[in-house]
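I opened these notes to record what I looked up in the structure, beginning with the surroundings of the ligand and ending with the chain as a whole.

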Amino acid sequence: MNFDYAKIRPCGSYRQKAMELRDEGTPIWVNDFAQGFWVVTTQELVREVYLKADIFTTDSVMAVEPETDPKHILLPLNLNPPHHRKYRNLLAPWFSQTKVKELEPLLRASARNLVEGFLAAGKVDAAWDFCALLPINSLLGAANMPMSVAPQLMQAINDFTRGFSGLEATETGGTEGMDAAVDAIHGVTNQMIAERRARPLDAKDDFYTYLTTELVEGRPLTDDEIRQIGLIYVVAGMETIRAQLGWLLYHMAKVPTDRERVLADPRLIPAAVEESIRYYTVIWGVGRKVGQDVHWHGVDLKKGDMIYALNDAFNRDPKRFADPDTFDLDRKMAPHLSFGFGAHSCIGMHLARTQLEVALEEFHRLIPDYAIEHGAVIEERGSEVTLQSLPLTWAARA
Ligand code: HEM
């Protein structure tokens with residue numbers, strides 16, 4: 001196989017490719033693309049990649065970039081167990097179900113403000129003006145960060161994720177383009193560190209006061225560590241929601257029968273969100289760096305090799321999901337892999353689900369009837385499968 005997993009392609013291409021790989025049935029491929037890496041496509045092997053942390057390390061999580069640039073380190077993702085656990089525990093209270101419940105009014109207000117802003121126009125590029133902006137506004141609010149940095153962050157997050165997804169590495173052979181984005185994001189974090197060190201707020205309610213005062217292994221976090229956490233907070237939190245919300249609205253626009261069911265019975269919204277998270281798997285797969293020479297399921301993996309575990313194939317395995325290629329609002333859901341698995345499973349999953357549910361509720365409250373603009377050409381970026389635009393139209397109210 002020689003497949004660029006990040007390239008911008010017509011909408012639906014990556015779903016189609018995951019189905020083809022699943023149907024082909026070869027459990028382990030060699031992808032000759034970039035420096036070359038392994039690709040695993042069966043649910044059993046994908047699970048193993050997640051679980052065997054001694055073999056499959058997170059020293060690098062970009063399949064096309066085996067050497068993680070120190071500036072691009074994401075904490076705790078780039079740490080391996082058992083060291084990883086201390087940082088994970090430190091962050092956990094900020095992403096608990098209780099915390100997310102507290103945040104719900106803010107998430108709702110952020111969604112409502114945006115929808116009210118474009119309602120009268122009768123059209124919006126939802127990919128940007130709703131799906132990208134909403135998590136930025138929400139997560140800035142949740143962390144008491146200044147809203148004035150939103151435009152700067154939006155650009156930087158997009159540029160960083162292009163690189164992190166592999167698009168820069170595959171197009172230009174390097175990830176240098178991510179540097180300016182990282183500098184901008186770290187600049188915002190530096191500002192937060194300086195402000196909270198000078199004038200701390202209550203560490204129970206304020207993320208950056210907590211990060212600048214809480215101890216790990218009996219010592220405060222270093223500024224580098226706080227920047228690495230600040231980076232994952234914005235890129236993991238904001239870019240994934242942007243992608244997932246885009247697909248949720250895309251689906252509701254494309255399949256009016258599902259939208260009408262959800263409008264008639266809003267209790268179906270959590271099911272619609274969960275099925276969209278499975279069916280439209282935005283983290284197409286995860287990268288791991290092989291930590292030791294090992295013979296594994298018939299192949300010789302070498303220390304330093306990269307491997308890519310295809311979440312989307314797992315999520316479409318007919319042994320787990322009946323009729324997996326159908327979006328089914330009534331599906332009795334088995335656990336999917338869209339939030340990862342094992343030590344690094346998504347710490348923000350409760351926040352993500354609530355943000356998506358509330359966003360759909362608020363969008364539908366004011367704009368119940370909408371469609372994709374006639375003739376629009378919709379494309380998606382790979383790796384973190386994200387719609388590049390989503391022009392929606394509706395009858396504007398006078
Ligand atoms: C629909 C939205 C989301 C999806 C699909 C998603 C998906 C994932 C996946 C697949 C992983 C595992 C990565 C790996 O093992 O290499 C992960 C980890 C992570 N996610 Fe999310 N995520 C979402 C939203 C969020 C949000 C809202 C936040 C926080 C604001 C967040 C923060 C994180 C962090 C910090 C990790 C690393 C955890 C660790 O290393 O222990 N994510 N996410």
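I looked first at which helix gives the most to the shell around the ligand, and in this predicted model the answer is α10, with 7 residues. Both α10 and α14 (349-366) supply at least two residues each of that shell. Of the 25 residues around the ligand, I noted that Gly237, Thr240, Gly340, Cys346 and Gly348 come nearest. Sorting the residues of the shell by class, I got 17 nonpolar, 7 polar and 1 charged.

I then checked the geometry of α10 (residues 223-254): at 1.5 Å a residue its 32 residues should span 46 Å, and because its end C-alpha atoms are 46 Å apart, the two values agree. I also looked up its burial and found that 26 of the 32 residues of α10 are buried, so the rest of the structure largely encloses this helix.

Next I turned to a hairpin, where strands β2 (residues 28-31) and β3 (residues 37-40) run antiparallel and are joined by 4 bridges. Asparagine 31 has phenylalanine 37 of β3 as its bridge partner, and among the 5 residues between the strands I found alanine 34 with a positive phi near 50°.

Last, I went over the chain, which has 14 helices and 15 strands. Its radius of gyration is 21 Å, close to the 21 Å that the globule rule gives for 398 residues, so I regard the chain as being as compact as a globular protein of that length. The C-alpha trace spans about 65 × 55 × 40 Å along its principal axes, and 44% of the 398 residues count as buried. Of the contacts between residues at least 6 apart in sequence, 71% join residues at least 24 apart.

How values were computed. Residues are numbered from 1 along each chain as its sequence is written. This is a predicted model: local features need pLDDT of at least 70, side-chain atom pairs count only at pLDDT 80 or more; totals for chains, interfaces and linings use all residues. The expected span of a helix is 1.5 Å times one less than its number of residues. A residue is buried if 20 or more other C-beta atoms lie within 10 Å of its own, exposed if 12 or fewer, and partly exposed in between; C-beta atoms are placed from the backbone. Two strands pair if DSSP finds at least two bridges between them. A residue is near a molecule or strand if its C-beta atom, placed from the backbone, lies within 6 Å of it. Ala, Val, Leu, Ile, Met, Phe, Trp, Tyr, Cys and Pro count as nonpolar, Asp, Glu, Lys and Arg as charged, and the others, Gly among them, as polar. The radius of gyration is taken over C-alpha atoms; the globule rule is 2.2 Å times the number of residues to the power 0.38. Two residues are in contact if their C-beta atoms, placed from the backbone, lie within 7 Å.
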